[in-house]
Amino acid sequence: MNAPVSNAVTRSLLRRLLGNGTLIVAFIYALLFTIFASRQSDALSQTSITDLFNNAAPLALAAAGGSLVVLTRGFDLSVAGVVALSNVLMATQVGEGPQQALLGLAVVCTAGLLVGAVNGILVAYIRLQSIASTLATMIVTSGLALLVLDAPGGTVPDFVADTLTDSAAGIVPVAALILLAVVLIWLLLRRTDWGVALYAVGADETAAGLAGIRTRRVKFFAYCLAGVFYALSGYMLSALTATGNPNAGNSYLLLTFAAIAIGGTSFSGGRGGVVGAMLGAATLTLLQKVLFSAGVSSFYTGIFQGVVMILAVLVAATSDRFASGRRA
Amino acid sequence: MSPPADTRGLRRAGLGSDVWNAIALFGLTALLIIASRWISSGFGGWEQTKAILVLSSFVVVVAFGQQLVILTGGLDLSIASVMTIGGVLTFNFVGASPTALIWGVPLILLVTAAIGGLNGIGVVWLRVPPFIMTLAMGIIVYGATLGITGGTPRGQASPALSALFTASVLDVPLVIYFMLAITICGSVVQLGTGFGRRLYAVGTNPAAAYIAGLPVRWLTFLTYAISGASAGLAGILMFGYAGGATLTMGQAYQLPSIAAVVVGGTSILGGSGLYIGAVGGALLLTTFSTVISSLGIAEGWRTVIYGLVILLALLVLREELYLWAGQLVARPVPLRQPGEPAAKPDA
């Protein structure tokens, strides 16, 4: 009995490594960064690294939230609305100083949580199709963003804009610390009952239900937490742009899902995770920089982004098939 | 997402929930147009009805392909870009010339069908999830359009295409006849041909359809190609309507095309729904946005109301309701038992 067991362990390890989209996207990122560093002499400078983290952070946070929902086999389009809403709230409702900044954080997170809760009720309890119902909440929240601020404008408090885009102690970018915190929180969450249940529900909802998992509640919390992540994304975006734009979220809709796909989260649920999605977001933003530094016209950026998206999924699927093939 | 309830029994008994849904949507649209008389005296008449029908023609055309794709359990997110490239190509290469129109339009439809076909190849043979494949294709096509045009599409308006919108027969703009023809042809293809009926089998259970000997892969591939062509056609129509093409002309139609199909009663899990329902959904949503935009309120409120209407439609137009309504007029049939396997296995 001993040999098969150790065999199984090796196989599961192989499967985890090869079928692991996070690892693949990390490799892609490293490759891109090498190209980037070889073309740009100052790629490793303090400013360049800080820029890299700052630019990737809003999309990474949005993708982190979106991947929670994708893990449950759902789609959450409300990301566009929530990012815009928290951006305009930051640009109009928040004053100067650390206290106000925290208040602003609380306000946008509450807004995101509320939208997420509505999504969760619609999808988990009323059992509407997730694409359709989050499409509706996305439109409603974009409308609310327009009500707060009807045209681009407003100013994000300097305190928020400066602190979040700065480097802590002059070395580590604050954005990197935020992303690290999210990763740590996720690694903890994944080990809770909810985290385990999240994967179970995504892999097979009926079986998870039969195993005693309260599937509705698990899905509900996934949407709630996703909403909070979108709000954080909007908060970070506000710090970066220092201004408000009710349409700020529009470009996030496609890019968030692109990041999730590149990050190896399976759209049929139950596989992948937050870290991969965040790396996927970082890859997308780095890709833009690399293409720019290679002198490719910005017109064609989209073509490369699309091709990378498809390739990432194909590579993940192939290695997964290879990994699971060894099981036979 | 719960598996769709089994309505096959009801369909056999005469009136399926799909038909009820479509009837309800057309009824609501008519009611809304009549009710809008109270908003403005110029409303609720034939002029406004014509305007709404003309505006909804784009979504009606796009929804044909989108509905077929969703019917087989897929999704087409490349529609916005394909519409745009359809319009831009017509603007650039056909322009005002009537002879160019004759060979140009079929060629452009072929190009857009090929783009859709690439989606199909990715989804069917490379097994890329539809959501990702079509999303990526949309980004790629948009980039290509940007590159082809260098950022600004240039060309000439086509008098022949514009005539579809300006010329009328019996006080009805030509494009409305065209839309009617598409609706009828689409419904005939869906319900009256083997191709259409096989798509229901593919959407309900691809594995079973494959075992039953259906060319599941080719059928799925074809739905994506058709979706590309119908998005291209909608782009050509939009170009005719606007007399020009922009790089963002299709963007406003991506989500409405899905909303119309879903509000029209097609399950996003595949296997059930009718094109005529999607047409009803397109009309209802277009009517709503037209009426709302005439209310003279802030854009924010209009957007909020539009979103709430979609939500309301989703909440109200649910399968259970039609099952119940169907049971009132048809012989009751047992629903799927809890122990039975779900209709659609994991892809």
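In this predicted model, helix H6 of chain B sits mostly inside the fold: 17 of its 20 residues are buried, so H6(B) is largely enclosed by the rest of the structure. Its length checks out too. With 1.5 Å allowed for each residue, a helix of 20 residues should span 28 Å, and the end C-alpha atoms of H6(B) are indeed 28 Å apart, which agrees. Right after the helix comes Gly150(B), with a positive phi near 65°.

H6(B) also turns up where the two chains meet. Here 40 residues of chain B are in contact with 37 residues of chain A. On the chain B side, the elements giving two or more residues are H6 (130-149), H12 (254-263) and H14 (299-316), every one of them a helix. H6(B) provides the largest share of that side, with 13 residues. As for chemistry, the chain B residues that touch chain A split into 29 nonpolar, eight polar and three charged.

Over in chain A, a helix pair is worth a look. Two packed helices are described by the angle between their axes and the distance between those axes. For H7(A), residues 158-165, and H11(A), residues 215-241, the axes come within 8 Å and cross at roughly 95°. That makes H7(A) roughly perpendicular to H11(A). On the H7(A) side, the contact is made by Val160(A), Ala161(A), Leu164(A) and Thr165(A), while H11(A) brings Met236(A), Ser238(A), Ala239(A) and Leu240(A). Sorted by class, this contact between H7(A) and H11(A) has six nonpolar residues, two polar ones and no charged ones.

Terms used:
Residues are numbered from 1 along each chain as its sequence is written. Chains are lettered from A and ligands numbered from 1 in the order in which they are written. This is a predicted model: local features need pLDDT of at least 70, side-chain atom pairs count only at pLDDT 80 or more; totals for chains, interfaces and linings use all residues. Two residues are in contact if their C-beta atoms, placed from the backbone, lie within 7 Å. Helices (H or I, at least four residues) and strands (E, at least two) are DSSP runs, numbered from the N terminus. Ala, Val, Leu, Ile, Met, Phe, Trp, Tyr, Cys and Pro count as nonpolar, Asp, Glu, Lys and Arg as charged, and the others, Gly among them, as polar. The expected span of a helix is 1.5 Å times one less than its number of residues. A residue is buried if 20 or more other C-beta atoms lie within 10 Å of its own, exposed if 12 or fewer, and partly exposed in between; C-beta atoms are placed from the backbone. Axes are lines fitted to C-alpha atoms, for helices over the stretch in contact, and angles run from 0 to 180 degrees between N-to-C directions. Angles under 35 degrees count as roughly parallel, over 145 as roughly antiparallel, 65 to 115 as roughly perpendicular and the rest as oblique.
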